[in-house]
Amino acid sequence: MDTPDAKRSRDSPGWEPWAPTLSALRRLFESPGTLSPSARLVFVALAWHLGPDGTCHPGTARLRKLTGLARATVFEALRE
């Protein structure tokens, strides 16, 4: 994610730990219909893991646990 909030570090004045997540979710909700419902759910799970630099690295097992989706569905959603 390349957002202004994601470019701030934890030491930056005004940085809030939830800011990258909210920024990512805002982008998701401002573009309805571009992703399948499963992909949107995986996107929310990924946003939950965003760090201050805008990266996230949850494993597929973690994504499956958070979303309740099957392994194949998670991989399909990630390809979107």
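**Exercise 1. Describe the fold at the level of secondary structure: what pattern does the protein chain follow along the sequence?**

Step 1. Reading along the sequence, you meet the pattern α-α-α-α-α. Please keep in mind that this is a predicted model.

Step 2. Counting the elements gives five helices and zero strands.

Step 3. Now add the chain-wide totals. Of the 80 residues in the protein chain, 34% are buried. The chain exposes about 5300 Å², and carbon and sulfur atoms supply 56% of that area. Among contacts with a separation of 6 or more, 46% join residues 24 or more positions apart.

**Exercise 2. Work out the setting of T67: is this residue buried or exposed?**

Step 1. Find T67 on the chain: the residue lies in helix α4, which covers residues 60–67.

Step 2. Compare its accessibility with the cut-off. Buried means under 20% relative accessible area. T67 has a relative accessible area of 13%, so this residue is buried.

Step 3. Look for a polar partner. The T67 side chain reaches the backbone oxygen of L63 at 2.7 Å.

Step 4. List the neighbours, leaving out residues up to four places away in sequence: T67 touches L41, V42, A45 and V74.

**Exercise 3. Map the largest nonpolar core: which residues form this core, and which element gives the largest share?**

Step 1. Collect the members. The largest nonpolar core has seven residues, namely A39, V42, A45, L63, L69, V74 and A77.

Step 2. Assign them to elements. Those giving two or more residues to this core are α3 and α5 (71–79). The largest share, three residues, comes from α3.

Step 3. Take one member as an example. Setting aside neighbours within four places in sequence, A77 is in contact with S38, A39 and V42.

Step 4. Check for another cluster. There is a second, separate core of six residues, including L25, L28, A47 and L50.

**Exercise 4. Examine A47, one of the residues in the second core: where is A47 found, and what does A47 touch?**

Step 1. Locate A47: the residue is found in helix α3, residues 37–48.

Step 2. Judge its exposure. The relative accessible area of A47 is 2%, so A47 is buried.

Step 3. Name its partners. Not counting residues up to four places away in sequence, A47 touches T21, A24 and L25.

Step 4. Finish with a distance. A47 and L22 are 25 residues apart along the chain, and their C-alpha atoms are separated by 8.0 Å.

Conventions:
Residues are numbered from 1 along each chain as its sequence is written. This is a predicted model: local features need pLDDT of at least 70, side-chain atom pairs count only at pLDDT 80 or more; totals for chains, interfaces and linings use all residues. Side-chain values use heavy atoms; hydrogens and water are left out. Helices (H or I, at least four residues) and strands (E, at least two) are DSSP runs, numbered from the N terminus. Buried means under 20% relative accessible area, exposed over 50%, partly exposed in between (1.4 Å probe, protein chains only). A polar contact is a pair of N or O atoms within 3.5 Å; within protein, one must be able to donate a hydrogen and the other to accept it, and residues adjacent in sequence count only if both atoms are side-chain atoms. Contact means heavy atoms within 4.5 Å. Accessible areas come from the Shrake-Rupley method with a 1.4 Å probe; for residues, only the protein chains shown count as cover. A nonpolar core is a set of buried Ala, Val, Leu, Ile, Met, Phe, Trp, Tyr and Cys residues joined through side-chain atoms within 4.5 Å.
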